[in-house]
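Thanks for sending this one over. Here are my notes, set out as numbered points so that you can follow along with the coordinates open.

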Amino acid sequence: MASAASKLRAEAGLGALPQRALVQYLRLLRLYPVLTKAATSGILSALGNFLAQMMAKQRKKENCQKLDVSGPLRYAIYGREPLSLVNLRKRNLESGEEELASRLDHYKAKATRHIFLIRHSQYHVDASQEKDRTLTPLGREQAELTGLRLASLGLKFNKIVHSSMTRAIETTDIISKHLPGVSKVSTDLLREGAPIEPDPPVSHWKPEAVYYEDGARIEAAFRNYIHRADAKQQEDSYEIFICHANVIRYIVCRALQFPPEGWLRLSLNNGSITHLVVRPDGRVALRALGDTGFMPPDKISRS
């Protein structure tokens, strides 16, 4: 019995190269459904942006070869460009570009987001149930050191968002003592899991059964928390996210537009600080990755 892909190719009358491309796409859709759909959506959105630019330039009789490349790419990764939020049909022809500029300014992000991703401290890994995987004495010391480090930065932190898993909750409780007045929010999105099958694969760790469930959730966490500031935000923000190594590594790869399958190549110490910066134009910079330089050598661990 012919496969679904074979039937589709036969009906479409595709040649050899398109056939191979379709087979590869269907394979990716089966293996990585969330990422493949997200990538497809981003590519189609970017192509639509390019097409709209070309139509606008043709109308103005401008050179169509001078297109804004960075805008559609940032849109595909981090969200809509301000121009896509303006209804150009309502544009006043008499005031022209001045009115358009003022309306665009209303939708543009003005502030920078500073995102601090903290890995939980060392915990009892041998406990059979998640609720019993509490911090070790060393882990509690690590959380104290991380809290002191964050407090020493002298920043006005806006909030702490933490995973709902026991080790993350306990780490948050200790760190928050050094940051009085900063609100805490718990979320299941940041729970530990297997985000995507790593490449190259590893023989000793193959949680295929949870890729589909965890991958969709962790991708949702990335899209929910890693984005440019809201247009209404006037001042730079400083936000702390206390979660897990796999989640942080995946988020870093996605935020920097690196292949997310490489997340397992990164290594993070317990209680480490990773600092991402999201600019108003959507550009992302990595200020620090897994920093534990504030800890004495005998307090560092990676369990």
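**Notes on the predicted model**

1. Of the protein's 303 residues, 41% count as buried. Please keep in mind that this is a predicted model. The secondary structure comprises nine helices and six strands. Among contacts with a separation of 6 or more, 68% are between residues 24 or more positions apart.

2. Let me begin with the nonpolar interior. The largest nonpolar core has 28 residues, and within it Leu117 and Leu190 touch the most other members. At least two residues of this core come from each of β1, α8, β4, α9 (245–255) and β5. The largest share is that of α9, with eight residues. As general background, nonpolar side chains in soluble globular proteins tend to be buried together.

3. Which residues does Leu117 contact, leaving aside neighbours within four places in sequence? They are Phe241, Ile248, Ile251, Val252, Ser272, Ile273, Thr274 and Leu276. There is also a second, separate core of 12 residues, which includes Ile118, Phe157, Ile175 and Leu179.

4. Helix α9 deserves a look of its own. It is mostly covered, with 11 of its 11 residues buried. The buried residues include Asn246, Arg249 and Arg254, alongside others such as Val247, Ile248 and Ile251. If you are checking side chains, those are good names to have at hand.

5. Just after α9 comes Gln257, with a positive phi near 60 degrees. Gln257 is not a glycine, and its place is in the loop between α9 and β5. For context, most residues other than glycine have a negative phi, and most peptide bonds are trans. Is Gln257 buried or partly exposed? Gln257 is partly exposed, because its relative accessible area of 47% falls between the 20% and 50% cut-offs.

6. Another backbone detail concerns a proline. The peptide bond joining Asp199 and Pro200 is cis, with omega about 5 degrees. Pro200 itself sits in the loop between β3 and α8.

7. Helix α7 (residues 166–176) is largely enclosed by the rest of the structure, because nine of its 11 residues are buried. Those buried residues are Thr166, Arg167, Ala168, Glu170, Thr171, Thr172, Ile174, Ile175 and Ser176. What do they pack against? Their partners are β1 (113–119), α6 (137–152), β2 (159–163), β3 (183–187) and β4 (237–243). One of the buried residues, Ile175, also belongs to the second core of 12 residues.

8. Now to the internal space. How many cavities of 30 Å³ or more are there? The count is two. The largest cavity holds about 120 Å³ of space. Its lining has 14 residues, and Tyr32, Pro195, Ile196, Tyr211 and Gly215 are the closest to its centre.

9. Where does the lining of the largest cavity come from? At least two residues are supplied by each of α3 (33–59) and α8 (208–225), and α8 gives the largest share, five residues. Seen by domain, domain 1 (20–59) and domain 2 (113–299) each contribute at least three residues to this lining. By class, the lining has 11 nonpolar, one polar and two charged residues.

10. The second largest cavity has a volume of about 30 Å³. Leu117, Leu190, Ala221, Tyr225, Ile226, Phe241 and Ile251 line this cavity. By class the lining counts seven nonpolar residues, with no polar and no charged ones. Leu117 and Leu190, both in this lining, are also the residues that touch the most other members of the largest nonpolar core. Phe241 and Ile251 appear here too, and each is a contact of Leu117.

11. Last, a loop residue. Pro280 lies between β5 (273–278) and β6 (284–291). Not counting residues up to four places away in sequence, Pro280 touches Ala109, Lys110, Ala111, Thr112 and Arg228. Arg228 is 52 residues from Pro280 along the chain, yet their C-alpha atoms are separated by 5.8 Å. Pro280 counts as partly exposed, because its relative accessible area is 25%, against a cut-off for buried of under 20%.

How values were computed
Residues are numbered from 1 along each chain as its sequence is written. This is a predicted model: local features need pLDDT of at least 70, side-chain atom pairs count only at pLDDT 80 or more; totals for chains, interfaces and linings use all residues. Side-chain values use heavy atoms; hydrogens and water are left out. Helices (H or I, at least four residues) and strands (E, at least two) are DSSP runs, numbered from the N terminus. Buried means under 20% relative accessible area, exposed over 50%, partly exposed in between (1.4 Å probe, protein chains only). Contact means heavy atoms within 4.5 Å. On a 1 Å grid over the protein atoms alone, a cavity is a set of points where a 1.4 Å probe fits but cannot get out, and a pocket is an open set with protein on both sides within 12 Å along at least five of seven lines; lining residues have an atom within 4 Å of a point. Grid points are joined across faces, edges and corners, and a volume is the space filled by probe spheres set on the points. Ala, Val, Leu, Ile, Met, Phe, Trp, Tyr, Cys and Pro count as nonpolar, Asp, Glu, Lys and Arg as charged, and the others, Gly among them, as polar. Domain bounds come from an automatic or database domain assignment. A nonpolar core is a set of buried Ala, Val, Leu, Ile, Met, Phe, Trp, Tyr and Cys residues joined through side-chain atoms within 4.5 Å.
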